[in-house]
Amino acid sequence: MIHFERYKEKSVEGRYVTLDSLQKTWLNTLDSSLVETIGSSALGNAIFSITLGRGPKKVLVWSQMHGNESTTTKAVLDLINCLIAEDDLSQSILENCTLCIVPILNPDGANAYTRVNANEVDLNRDAKDRTQPESVVLRELFERFQPDFCFNLHDQRTLFSAGNTDKPATVSFLSPSNNPERTVDQTRTIAMQLIVAMNRMLQNQIPGQVGRYDDGFNENCIGDTFQMLGVPTILFEAGHFQEDYQREETRKYIFMALLEVLGVISKNRIAEFQHQEYFDIPENEKLFFDILVHNAHLINESLPVNHQVGIRFVETLKNGAIDFVPEVAEVGELDASFGHSTLDCSISGQIEQIERKNLLPLIRNIKS
């Protein structure tokens with residue numbers, strides 16, 4: 001078993017991960033021959049790739065296509081640290097695979113901590129038209145590198161549960177559709193088999209906390225596009241682990257999943273996994289609030305007794321860090337929902353917590 005802490009890049013932590021932060025710390029520690037500037041963003045910031053390995057199986061990996069989705073970038077740094085170490089698994093991967101990794105595809109969005117790029121375009125809805133420079137850079141890299149596998153790395157919000165359960169979807173996967181009928185052809189099947197391999201491993205680490213993302217077809221999405229082009233493509237979604245809003249725990253599970261899937265590819269083990277198991281992974285549902293408040297009528301008399309208040313955090317860039325600002329998302333009979341934390345206004349000690357979390361004004365200002 002690989003020891004994650006040995007390879008964790010401790011110079012890059014938290015949710016705000018930018019090109020500048022990588023250039024000041026981790027990037028300078030790499031052999032410069034591994035690093036290539038492959039293009040520029042809308043604002044002229046560099047987009048770089050890191051190439052590792054010498055094997056025939058080519059794997060293209062990119063992260064932070066959405067600038068505010070940084071967990072997988074951290075995991076990619078950890079992965080690279082592991083791969084360049086003198087480790088038997090890493091050496092096997094590098095002997096059998098060649099990896100091209102783009103840690104931050106959308107450096108402008110990363111700097112502003114926004115989903116979109118500087119032109120306010122969602123790059124994951126620009127795969128067909130390629131109106132943005134970042135989209136062009138990725139497609140040109142795809143055509144030049146000619147990968148056998150693609151890994152599309154993202155974050156997902158805290159609202160997702162792993163199926164209809166009270167467990168968060170800490171890691172989710174998708175084998176994207178390549179047509180409106182969602183046909184399971186050979187390309188999708190291979191992606192599903194690889195997901196099954198990762199899921200089996202993760203169930204030993206976070207049982208019940210792996211989800212499957214919706215596979216509705218959208219030809220403007222990059223995963224669907226690359227799948228249509230015949231390259232098995234996997235969507236990774238880094239989600240919430242209990243009390244882990246900085247996603248330092250989740251990054252570990254993404255790291256472990258990446259290492260597992262690369263091991264399977266490098267050792268020609270794909271056929272060991274049945275793609276039908278992919279459909280046993282529960283599809284994500286939106287059942288979580290960050291905070292679920294019970295008996296809110298005790299501090300806001302306009303609320304019905306049987307109504308709960310669901311609060312979600314808005315991730316807000318403030319002074320170079322991410323602040324989690326509470327916002328009332330829903331009020332009603334939320335009996336089918338869950339909270340990453342729950343507070344009860346009928347318990348005096350929890351009223352104090354509500355005050356400390358600055359939730360009292362939010363609840364009092366709700367209009368029934």
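**Figure 1. Overall dimensions of the predicted chain.** With 368 residues, the chain has a radius of gyration of 21 Å, which agrees with the value near 21 Å for a compact globule; the radius is taken over C-alpha atoms, and the globule rule is 2.2 Å times the number of residues to the power 0.38. Along the principal axes, the C-alpha atoms fill a box of roughly 65 × 45 × 40 Å. The secondary structure comes to 11 helices and 14 strands, where helices (H or I, at least four residues) and strands (E, at least two) are DSSP runs numbered from the N terminus. The model is predicted, so that local features need pLDDT of at least 70 and side-chain atom pairs count only at pLDDT 80 or more, while totals for chains, interfaces and linings use all residues. Residues are numbered from 1 along each chain as its sequence is written, and side-chain values use heavy atoms, with hydrogens and water left out.

**Figure 2. Close-up of Arg247, in the loop between strand 9 (233-238) and helix 9 (248-266).** Arg247 has a relative accessible area of 1% and is therefore buried (under 20% relative accessible area, with exposed over 50% and partly exposed in between; 1.4 Å probe, protein chains only). Not counting residues up to four places away in sequence, Arg247 touches ten residues' worth of surroundings that include Arg15, Thr71, Lys74, Asp155 and Arg157, and also Ala238, Gly239 and His240; contact means heavy atoms within 4.5 Å.

**Figure 3. Close-up of Ser175, in the loop between strand 7 (171-174) and helix 7 (186-203).** The relative accessible area of Ser175 is 0%, and the residue is buried. Its side chain is joined to that of Gln227 by a polar contact of 3.2 Å (a pair of N or O atoms within 3.5 Å; within protein, one must be able to donate a hydrogen and the other to accept it, and residues adjacent in sequence count only if both atoms are side-chain atoms). Beyond its neighbours within four places in sequence, Ser175 is in contact with residues including Arg188, Ala191, Met192 and Ile195, as well as Asp215, Thr233 and Tyr278.

**Figure 4. Close-up of Thr18, in the loop between helix 1 (4-7) and helix 2 (19-24).** Thr18 counts as buried at 7% relative accessibility. Although Thr18 and Pro107 are 89 residues apart along the chain, their C-alpha atoms are separated by 6.6 Å. Leaving aside neighbours within four places in sequence, the contacts of Thr18 are with Ile104, Ala110 and Asn111.
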